[in-house]
Amino acid sequence: MRLRHVKGAEEMMETSEFIEKDPEQWKERWNEFFQNENPIHLEIGTGKGKFITTLAQQNPDINYIGIEKFSSVLVRALEKQQENPLPNLIFLREDANRITEFFGKEEVSRIYLNFSDPWPKDRHAKRRLTSIEYLKRYNEILKADGDIQFKTDNLPLFTFSLEQIEGAGWKVVDKTFDLKHSKIAEGNVMTEYEERFSAKGNPICKLIAVR
């Protein structure tokens, strides 16, 4: 998918106080960054920020970090933060394949993956955020009782993810192929993408996985 260029996006990435420009310096020190000992939750591929901003508003006792590599998308999340600054939310304009450079062992309590790029070609399977390669990265930074929560409307990607999780030695503790009509829909926070597709009646898949 080709992203639309947003004028001024790159400049905003450089000047916004809501982006941490040097995340490596906070590895194993994110609680010091937030100045508390609250749990840390990541959203990888935070998009326009509705999901993580809503969670941060609802849960002031949890620290949230949104990771997004595309400036033209992240700029919308920054605009939301400017309108209503939340002390428990910060963004990184980074690629997810570097997360072990930013977070230390057992530093993260939960990882959200929402409507990740399906990378449909087989040769790109390792780039999918639920591949065994990425699960190895998550294993390095998640607490022993931490979990991954994954949502998608792409059934082939969901099936692939279930296989990869099992192959990596993880365990799916809950899953649904139709979130709207599932018991795990309670308290569900939608992304902008999810709202649009759910309104059309498209089923949303979700899984929760632990080691």
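In this predicted model, E28 lies in the loop between helix 1 and helix 2. The phi angle of E28 is near 70°, a positive value in a residue other than glycine. With a relative accessibility of 59%, E28 counts as exposed, because the threshold for that class is over 50%. A positive phi also occurs at E106, where the angle is near 55°. E106 belongs to the loop between helix 5 and strand 4 and, at 35% relative accessibility, is classed as partly exposed.

The loop that holds E28 also contributes to a salt bridge. E24, in the loop between helix 1 and helix 2 (30-34), is paired with R98, in the loop between strand 3 and helix 5 (99-102), and the two are 74 residues apart. The distance between the side chains of E24 and R98 is 2.6 Å, N to O. Both partners are partly exposed, E24 with a relative accessible area of 33% and R98 with a relative accessibility of 25%. R98 forms a further salt bridge with E94, for which the closest N and O atoms are 2.9 Å apart. E94 is buried, its relative accessible area being 15%, because values under 20% fall in that class.

Eleven salt bridges are found in the whole structure. One of them joins E194 to K151, with the closest N and O atoms 2.7 Å apart. E194 is located in helix 8 (residues 192-199) and K151 in strand 5, so this pair ties together parts that are 43 residues apart in sequence. Both side chains belong to buried residues: the relative accessible area is 1% for E194, and the relative accessibility is 3% for K151. Elsewhere, E24, E94, R98 and E101 are joined into one network by salt bridges that share partners.

The strands form an open sheet of seven, in the order 3-2-1-4-5-7-6 and with mixed pairing. Strand 3 and strand 6 (171-176) stand at the edges; each has a single partner strand, so one side of each is left without a neighbour in the sheet. On average, neighbouring strands of this sheet are turned by 15° against each other, direction ignored. At one end of the order, strand 2 (residues 63-67) and strand 3 run parallel and are joined by four bridges. I65 has I90 of strand 3 as its bridge partner. Helix 6 (residues 132-141) packs on the sheet, where it touches strand 1 (40-44), strand 4 (108-114) and strand 5 (142-152). The direction of helix 6 makes about 140° with that of strand 5.

Two further helices were examined for their packing. Helix 3 (residues 50-58) has F51, I52, T53, T54, L55 and A56 as its buried residues. These residues pack against strand 1, strand 2, strand 3, strand 4 and strand 5, and also against helix 4. Helix 4 (residues 71-83) has 13 residues, which at 1.5 Å a residue should span 18 Å; the C-alpha atoms at its ends are 18 Å apart, in agreement with that value. The expected figure follows because the rise is multiplied by one less than the number of residues. Within helix 4, the buried positions are S71, S72, V73, L74, V75, A77, L78 and Q81. Their packing partners are helix 1 (9-15) and strand 3 (89-92).

The nonpolar interior includes a largest core of 35 residues. Within this core, the residues with the most contacts are W30, L42, I44, I65, F103, I111 and Y138. Helix 7 (residues 155-167) supplies the largest share of this core, five residues. Apart from this core lies another, of 20 residues, including L55, Y64, F91 and V189. L55 is also one of the buried residues of helix 3. I44, one of the residues with the most contacts inside the largest core, is in contact with I67, A96, I99, I111, Y112, L113, L129 and Y138 when its neighbours within four places in sequence are left aside. Among these partners, I111 and Y138 are likewise listed with the most contacts inside the largest core.

Key
Residues are numbered from 1 along each chain as its sequence is written. This is a predicted model: local features need pLDDT of at least 70, side-chain atom pairs count only at pLDDT 80 or more; totals for chains, interfaces and linings use all residues. Side-chain values use heavy atoms; hydrogens and water are left out. Buried means under 20% relative accessible area, exposed over 50%, partly exposed in between (1.4 Å probe, protein chains only). Contact means heavy atoms within 4.5 Å. Two strands pair if DSSP finds at least two bridges between them. Axes are lines fitted to C-alpha atoms, for helices over the stretch in contact, and angles run from 0 to 180 degrees between N-to-C directions. A nonpolar core is a set of buried Ala, Val, Leu, Ile, Met, Phe, Trp, Tyr and Cys residues joined through side-chain atoms within 4.5 Å. A salt bridge is a side-chain nitrogen of Lys or Arg within 4 Å of a carboxyl oxygen of Asp or Glu.
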